[in-house]
Amino acid sequence: MPATGTVLYDIIAGVREDLARRETALPLGELLAHLADAPAPRDPMPHFRARGSSVIAEVKRKSPSKGALADIPDPAALATAYARGGAAAISVLTEERRFGGSLDDLRTVRAAVDTPILRKDFIVETYQLVEARAAGADLALLIVAALDDDTLRRLHDEAGELGLTVLVEVHDESETERALALDAELIGVNSRNLKTLDVDPGVFGRLAHQIHDDVVKVAESGITGVPDVQRFVSEGAGVVLVGEALVKDGDPEAAVRAMTGVTTP
Ligand SMILES: O=C(O)c1ccccc1NCC(=O)[C@H](O)[C@H](O)COP(=O)(O)O
């Protein structure tokens, strides 16, 4: 649903082109057969609900806002470092054009760690949810700004039927109300406006007040270290999602460990 001319609109246009090619090469009926070979989905929620901050550590090579971030020639090695550092989940960007990711990255990470994996992509079709599960993902991202209400609810329900935990992502009050209407158990507040790329750390604290205490709140984007985690935890975050700071860190294992278990002072 994003307005034409926004970054999010342009990303989704490319996603739809790439998705159409994959669907032609492997029709949904054939893809569905692959589900039988997928490992059972892992439930991230007990770790997310544990006392102190949990970290979703992201595999992210580049982005529209910052360009090239890290080559990541060995995503398995990075994911293993994240897991050793105590990551509650690993987010794998699978969008190719703007983030340099792929489903092969997700399959590689799946083979390397037991940690729950989030497929971080711009999901607009059922096919992408089935791809995620078949590749071994345990969570999928649904961006409220990218979907109308009917599609959002349908994809949310389909993801649950596939055994995927859904991270419903919002950036303003209206999108938060739409996420709450889904009875979402996991809501991510992205400090980054996906239409303009502006990052406002104040968004989380503003929207957290709208979100019920039984919903796990994830603070996403712009997190550079423990002070940012402390701020978001003090505002009600149970989970932080971190990409750039971790892929650029010389010791991602230690960086994840430092951001884990942070409680309000
Ligand atoms: O990161 C971007 O530039 C971006 C642009 C448009 C849509 C999505 C984008 N990022 C996806 C994310 O939400 C982040 O990868 C994630 O929250 C981690 O953010 P960071 O720690 O700032 O890399």
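How many nonpolar, polar and charged residues does the shell around the ligand have? By class, the shell has eight nonpolar, six polar and six charged residues. Here Ala, Val, Leu, Ile, Met, Phe, Trp, Tyr, Cys and Pro count as nonpolar, Asp, Glu, Lys and Arg as charged, and the others, Gly among them, as polar.

This is a predicted model: local features need pLDDT of at least 70, side-chain atom pairs count only at pLDDT 80 or more, and totals for chains, interfaces and linings use all residues. Residues are numbered from 1 along each chain as its sequence is written, and side-chain values use heavy atoms, without hydrogens and water.

**Around the ligand**
- The ligand has 20 residues around it (a heavy atom within 4 Å).
- Glu58, Lys60, Ser65, Ser221 and Gly243 come nearest.

**Polar contacts (N or O atoms within 3.5 Å)**
- Serine 221 places a polar side-chain atom 2.7 Å from a ligand oxygen atom.
- Glycine 243 has a polar backbone atom 2.8 Å from an oxygen atom of the ligand.
- For glutamate 244, a polar backbone atom is 2.8 Å from a ligand oxygen atom.
- On its own, the ligand has 510 Å² of accessible area (Shrake-Rupley method, 1.4 Å probe), and the protein covers 98% of this.

**Aromatic pairs**
- The structure holds two aromatic pairs (ring centres within 6.5 Å).
- Phenylalanine 204 and phenylalanine 232 have ring centres 5.5 Å apart and planes at 75°, so this pair is edge-to-face (over 60 degrees).
- Phenylalanine 204 lies in helix α9 (residues 202–208) and phenylalanine 232 in helix α10 (residues 226–234); helices are DSSP runs (H or I, at least four residues), numbered from the N terminus.
- The pair links distant parts of the chain, 28 residues apart.

Technical notes. Polar contact = N/O pair within 3.5 Å; in protein donor to acceptor, adjacent residues only side chain to side chain. Phe/Tyr/Trp six-rings, centres within 6.5 Å; stacked < 30°, edge-to-face > 60°. Helix = DSSP H or I, 4+ residues; strand = E, 2+ residues; numbered from the N terminus.
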